Amino acid sequence: MQKLLAQPGFLAPSGTFGADLSYLLAVLFTVMFLFAWGLAKKGLGTQHHKLIFVSMVSMLIYFIGYYYARQLGVLTLEGKEGFGGPLDVYENIFLPTLTTHLVLVCLGLILSIYMIFQGFRACDKIEGDYILQSRELRSNPKIFKYTMAILGGVWAANQLILTFIRQKSFAASLAWAIIFGVIALVIYLEKFIEKALPDGANRHRILGRVTMVIFALILVTSTLVYLMLYVIYPKI
Ligand code: HEM
């Protein structure tokens, strides 16, 4: 697998197969999401939901595969290896763009998972079609507590596996702790979101648009990172 990913790429002369494939897939998923936005704008709620679902599942499979194959590209953050340009461009342009990209990817992933649940809660299925309902949408306090408890349990189990079975570094545990912490924060934020945007349909439209804009920005930043790494400043 590693060998295949390291083969020469097909998009830019100095790209690798892995980089080109992941870039193309990232473009494909983002375009699918943006297309799903177009469907929602046309009032095609059910098609919108189906396309979001397919995009989300394929994107998650891709992320998991990518994580195992290339360690999430985090290596790029660790040093200047792989970047062929001057140090000031690396520090002042490349690193901020890459960091923004990674932050947006995390935000986009979290928000889209949130939005899928929110979408189902905010809709009624009427004659086979999902229709957003203008009504106050609040989470049940009991379900809220259970969700937090389950999340804490999953984090603890994952931490035990990381420490005792996979014997991963402290950095890996920290990364996972941040991931779980952010998910807990998002669930907790729901309380504030409920107050700020009590109407479920309105909440779906506003936060959905924010999510879609984040996806568009992911496309822009991943293109910039790709261009800088493999077209403008390739490592010779
Ligand atoms: C990542 C997840 C999702 C995102 C980012 C998202 C985003 C959006 C956005 C931006 C709109 C408003 C379009 C506009 O007026 O600009 C919208 C509308 C809508 N969404 Fe979603 N959505 C998601 C998931 C879902 C799910 C899971 C369902 C159903 C179960 C759903 C059902 C609907 C419906 C019915 C509308 C209204 C379409 C209309 O105006 O008739 N969405 N969504």
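Two residues are in contact when heavy atoms of theirs lie within 4.5 Å. Counted this way, and taking the contacts in the chain with a separation of 6 or more, 62% join residues 24 or more positions apart. The structure is a predicted model, and the values that follow are computed from it.

The chain has 236 residues, and 36% of them count as buried. Its secondary structure consists of eight helices and two strands. In sequence order the elements run α-α-α-α-α-β-β-α-α-α, with the two strands placed between a run of five helices and a run of three. The C-alpha trace spans about 60 × 45 × 35 Å along its principal axes.

The surface can be described by its area and by its charges. The chain exposes about 14,200 Å², and carbon and sulfur atoms supply 72% of that area. There are 20 positive and 12 negative charges in the chain. The mean position of the positive charges and that of the negative charges are 5 Å apart.

The ligand is surrounded by 23 residues. Trp37, His48, His204, Arg205 and Arg209 are the closest of these. For three of them a polar side-chain atom can be paired with a ligand atom. In tryptophan 37, such an atom lies 3.0 Å from an oxygen atom of the ligand. The partner of arginine 209 is also an oxygen atom of the ligand, at 2.7 Å from a polar side-chain atom of that residue. For histidine 48 the ligand atom is a nitrogen, and the distance is 2.8 Å.

Which elements give two or more residues to the shell around the ligand? They are the helices α2 (17-41), α3 (45-70), α5 (87-122) and α8 (200-232), together with the strand β2 (129-132). Helix α8 gives the most, with six residues.

Helix α3 also holds threonine 46. Is this residue buried or exposed? A residue counts as buried when its relative accessible area is under 20%. Threonine 46 has a relative accessible area of 9%, so threonine 46 is buried. With its neighbours within four places in sequence left aside, threonine 46 is in contact with Gly128, Asp129 and Tyr130. Strand β2 covers 129-132, and Asp129 and Tyr130 fall in that range. Threonine 46 of helix α3 therefore has contacts to residues of strand β2 while being buried, at 9%.

Terms used:
Residues numbered from 1 in each chain as written. Predicted model: local features only at pLDDT ≥ 70, side-chain atom pairs only at ≥ 80, totals over all residues. Heavy atoms only, no water. Helix = DSSP H or I, 4+ residues; strand = E, 2+ residues; numbered from the N terminus. Buried < 20%, exposed > 50% of the residue type's maximum accessible area, 1.4 Å probe, protein only. Areas by Shrake-Rupley, 256 points an atom, 1.4 Å probe, with all protein chains shown as cover. Lys, Arg positive; Asp, Glu negative; His and termini not counted. Charge placed at Lys NZ, Arg CZ, Asp CG, Glu CD. Near = heavy atom within 4 Å. Polar contact = N/O pair within 3.5 Å; in protein donor to acceptor, adjacent residues only side chain to side chain.
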